[in-house]
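Biologist: I would like to request a close look at a single part of this protein, set in the context of the whole. Please choose the part and explain each step of the reasoning for a first-year student.

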Amino acid sequence: MGRGRQKAKQTKVARRLKYFSPETDYEALERELAAQRGEIDNPYGEIPPATDEDDWTDYR
């Protein structure tokens, strides 16, 4: 590909990125920022406790 075609392709991609505005999930952003500030104890929800009763008989 010649330099002119390569530059034109880069310009096209740059324009697409510049004017592309995806839908923003403001609630998810708010949760993430609150978690970083320490306002939320566990941003990933409840984690179930580990159990010692693993049933490995099905895997043998």
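Modeller: Accessible areas are obtained with the Shrake-Rupley method, using a 1.4 Å probe. The model is predicted. For this protein the accessible surface amounts to about 6600 Å², and carbon and sulfur atoms account for 51% of that surface. Of the 60 residues in the protein, 2% are buried, where buried means under 20% relative accessible area. The protein contains 2 helices and 0 strands.

The part chosen for the close look is helix α2, which covers residues 26-37. Its length can be checked by a simple calculation. The expected span of a helix is 1.5 Å times one less than its number of residues. The 12 residues of α2 should therefore span 16 Å, and the C-alpha atoms at its ends are indeed 16 Å apart, so the two values agree. After α2 comes Gly38, which has a positive phi, near 85°.

The surface around α2 can be described through two patches. One is nonpolar: Tyr26, Leu29 and Leu33 form it, and together they offer about 310 Å² of accessible area. Leu33 belongs to α2. Its relative accessibility is 36%, and therefore Leu33 counts as partly exposed; this class lies between the limits of 20% and 50%. The other patch carries negative charge and brings together Glu23, Asp25, Glu27 and Glu30 on the surface. Glu27 is located in α2. Because its relative accessibility is 55%, Glu27 counts as exposed, the class for values over 50%.

Helix α1, residues 3-19, provides the context. With 17 residues, α1 should span 24 Å, and its end C-alpha atoms are 24 Å apart, so this helix also agrees with expectation. Among those 17 residues the number that are buried is 0, so α1 is hardly covered. A surface patch of positive charge is made by Arg5, Lys9, Lys12 and Arg16. Arg5 is part of α1, and its relative accessibility of 60% is the reason why Arg5 counts as exposed.

To return to the chosen part, α2 contains the partly exposed Leu33 and the exposed Glu27, members of the nonpolar patch and the negative patch respectively.

Key: Residues numbered from 1 in each chain as written. Predicted model: local features only at pLDDT ≥ 70, side-chain atom pairs only at ≥ 80, totals over all residues. Heavy atoms only, no water. Patch = residues over 30% accessible without salt bridge, like charges linked within 9 Å, V, L, I, M, F, W, Y side chains within 5 Å. Salt bridge = Lys/Arg side-chain N within 4 Å of Asp/Glu carboxyl O. Helix = DSSP H or I, 4+ residues; strand = E, 2+ residues; numbered from the N terminus. Buried < 20%, exposed > 50% of the residue type's maximum accessible area, 1.4 Å probe, protein only. Lys, Arg positive; Asp, Glu negative; His and termini not counted. Charge placed at Lys NZ, Arg CZ, Asp CG, Glu CD.
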